[in-house]
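Reader: Please give a close account of one part of this structure, concentrating on how its helices pack together. I should like to know which residues form the contacts and how the helices are oriented.

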Amino acid sequence: MFELLKTDFHTKARLGKLSTAHGVVETPVFMPVGTQASVKALDPRELLEMGTQIILGNTYHLNIRPGLDIIRAAGGLHRFMNWQLPILTDSGGFQVFSLAKIRKIKTHGVEFNSHIDGSPLFLGPKEAMEIQRVLGSDIAMVFDECPPHDAPAREQKLAVERTIRWARECREQPRGEGQHVFGIVQGGTNAALREECAKALVAMDFDGYAIGGVSVGEPEPEMLKAIELTEPFLPAHQARYAMGLGTPAQMLELIARGVDMFDCVLPTRVARNGTAITRRGAYGLKGGGYKADFRPIEEGCECFACKHFTRAYLRHLLNVNEILGLRMVSVHNSHLYLKLMADVRTNLAAGTFADFYREFIANYVPSKKVLDARKAASTER
Ligand SMILES: [Zn+2]
């Protein structure tokens, strides 16, 4: 499924190719998040124009609304939302443990109440794989337990034990035609747990591996530590995916640590508050300073918003709550993420990634606002 084309000489960065039933994905890749069968505020034509190769969908949310019967009748998620390229679906484990009111964790899954209407539901490995089979995603994720980053050691250990057991059950379930399945490594920042979980999953021979339990509100150094503790145990010839991450600078840091795939609600989420993300950091476009600023959001950017509109105009739209304003900032932010990955791939192919990486980090000023939004976003995906 994954072809490792090149490994960077100075860092652990990798150039690769992921083959799926709906096409080939070049890695490193950013996957825009379409939790509810829509990447917020963007339509498929815009996503294709900005170079999207694969998007994310979500088992928990789509199972609750519109429900499996509707998606089955539509002929699967690709047809339902008219998206022809690959889709990866999250298993719902993250949402069950972060959004729902849990009634009981059982051997084969979790009894919980829907976060929408409180109705009793059950989701476990069997159910999660069945839902993803009906959704027809190209990559399905195993059902895992994702504890909070500050969970006590005993809880982290139990979560790893359940994650391993549930991964095995997921592995035994039937799959959709051509569907790949990724394992998810948990274990917080505990070196022994990360190793145990990674080794157990690799022994089950999944098509790729995700590093979970990151982007759950932890400080950045802990997130990097969790990645560094896991990566050495993942097979070089398979794809690695860091779930729910991150800011542009964090993605670069993770690529340099050997991660291939990313997803994050950040670009569209902060856009709705009028925050524009650029290669030098983020800024709030609603500020009075942009009232008569007739430059684009980011000079040199090739996105539709930057080619057609000024900061002054977009600021006005945002301040009078015109939908076009937040749509255009979503276009710019998402385009930035996708173009950044394209530039990373170009530099990896040319052997200049280490310089590109160093320069990008030196120029990027992390904004507290965006880092806080990333923390808050950890429940949204
Ligand atoms: Zn732009």
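Author: **Helix 10 and its surroundings**

Leaving out residues up to four places away in sequence, T230 touches V185, R194, A198 and I211. The model is a predicted one. T230 belongs to helix 9, which runs over residues 220–230. Its relative accessible area is 0%, and because buried means under 20%, T230 counts as buried.

T230 is one of several covered residues in helix 9: M223, L224, A226, I227, L229 and T230 are buried. The buried residues of helix 9 pack against strand 11 (180–185), helix 8 (191–203), strand 12 (208–211), strand 13 (239–242) and helix 10. This last partner leads to the main subject of the account.

Helix 10 comprises residues 248–256. How many of the residues of helix 10 are buried? Nine of its nine residues are, so that the helix is mostly covered. The buried residues are P248, A249, Q250, M251, L252, E253, L254, I255 and A256. Beyond the helix comes G258, with a positive phi near 95 degrees.

The arrangement of helix 10 can be taken up one partner at a time. Two packed helices are described by the angle between their axes and the distance between the axes. With helix 15 (residues 353–363), helix 10 packs at an angle of about 150 degrees, and the two axes are 10 Å apart. Angles over 145 degrees count as roughly antiparallel, and helix 10 is therefore roughly antiparallel to helix 15. The crossing of these two helices is left-handed. On the side of helix 10, the contact is made by P248, A249, L252, E253, I255 and A256, and on the side of helix 15 by F353, F356, Y357, F360 and I361. By class, this contact has 10 nonpolar residues, no polar residues and one charged residue.

The second partner is helix 14 (residues 323–350). The axes of helix 10 and helix 14 come within 11 Å and cross at roughly 30 degrees. Angles under 35 degrees count as roughly parallel, and helix 10 is therefore roughly parallel to helix 14. Their crossing is right-handed. P248, M251, L252 and I255 of helix 10 meet L336, Y337, L340, M341 and V344 of helix 14 in this contact. Its residues divide into nine nonpolar, no polar and no charged. P248, L252 and I255 of helix 10 appear in the contact with helix 15 and also in the contact with helix 14. An α-helix has 3.6 residues a turn, so residues three or four places apart point the same way.

Helix 14 also packs with helix 13 (residues 311–319): the axes of the pair come within 7 Å and cross at roughly 125 degrees. This angle makes helix 13 oblique to helix 14. The crossing of helix 13 and helix 14 is left-handed. In helix 13, Y313, L314, L317 and L318 take part, and they meet L324, G325, L326, M328 and V329 in helix 14. The contact of helix 13 with helix 14 has eight nonpolar residues, one polar residue and no charged residues.

Strand 11, already named as a partner of helix 9, contributes a residue to another contact: I184 is among the residues in contact with T163. T163 is found in helix 7 (residues 153–172), and at 0% relative accessibility T163 is buried. Apart from neighbours within four places in sequence, T163 is in contact with D144, E145, I184, Q186 and C197. Two polar partners of the T163 side chain can be specified. The T163 side chain reaches the backbone nitrogen of E145 at 3.1 Å. The backbone oxygen of A159 lies 2.7 Å from a polar atom of the same T163 side chain.

Helix 7 also holds E161, which, at 36% relative accessibility, is partly exposed. The C-alpha atoms of E161 and N363 are separated by 42 Å, the two residues being 202 residues apart along the chain.

How values were computed:
Residues are numbered from 1 along each chain as its sequence is written. This is a predicted model: local features need pLDDT of at least 70, side-chain atom pairs count only at pLDDT 80 or more; totals for chains, interfaces and linings use all residues. Side-chain values use heavy atoms; hydrogens and water are left out. Helices (H or I, at least four residues) and strands (E, at least two) are DSSP runs, numbered from the N terminus. Buried means under 20% relative accessible area, exposed over 50%, partly exposed in between (1.4 Å probe, protein chains only). A polar contact is a pair of N or O atoms within 3.5 Å; within protein, one must be able to donate a hydrogen and the other to accept it, and residues adjacent in sequence count only if both atoms are side-chain atoms. Contact means heavy atoms within 4.5 Å. Axes are lines fitted to C-alpha atoms, for helices over the stretch in contact, and angles run from 0 to 180 degrees between N-to-C directions. Angles under 35 degrees count as roughly parallel, over 145 as roughly antiparallel, 65 to 115 as roughly perpendicular and the rest as oblique. A crossing is left-handed if the near helix is turned anticlockwise from the far one by less than a right angle, and right-handed if clockwise. Ala, Val, Leu, Ile, Met, Phe, Trp, Tyr, Cys and Pro count as nonpolar, Asp, Glu, Lys and Arg as charged, and the others, Gly among them, as polar.
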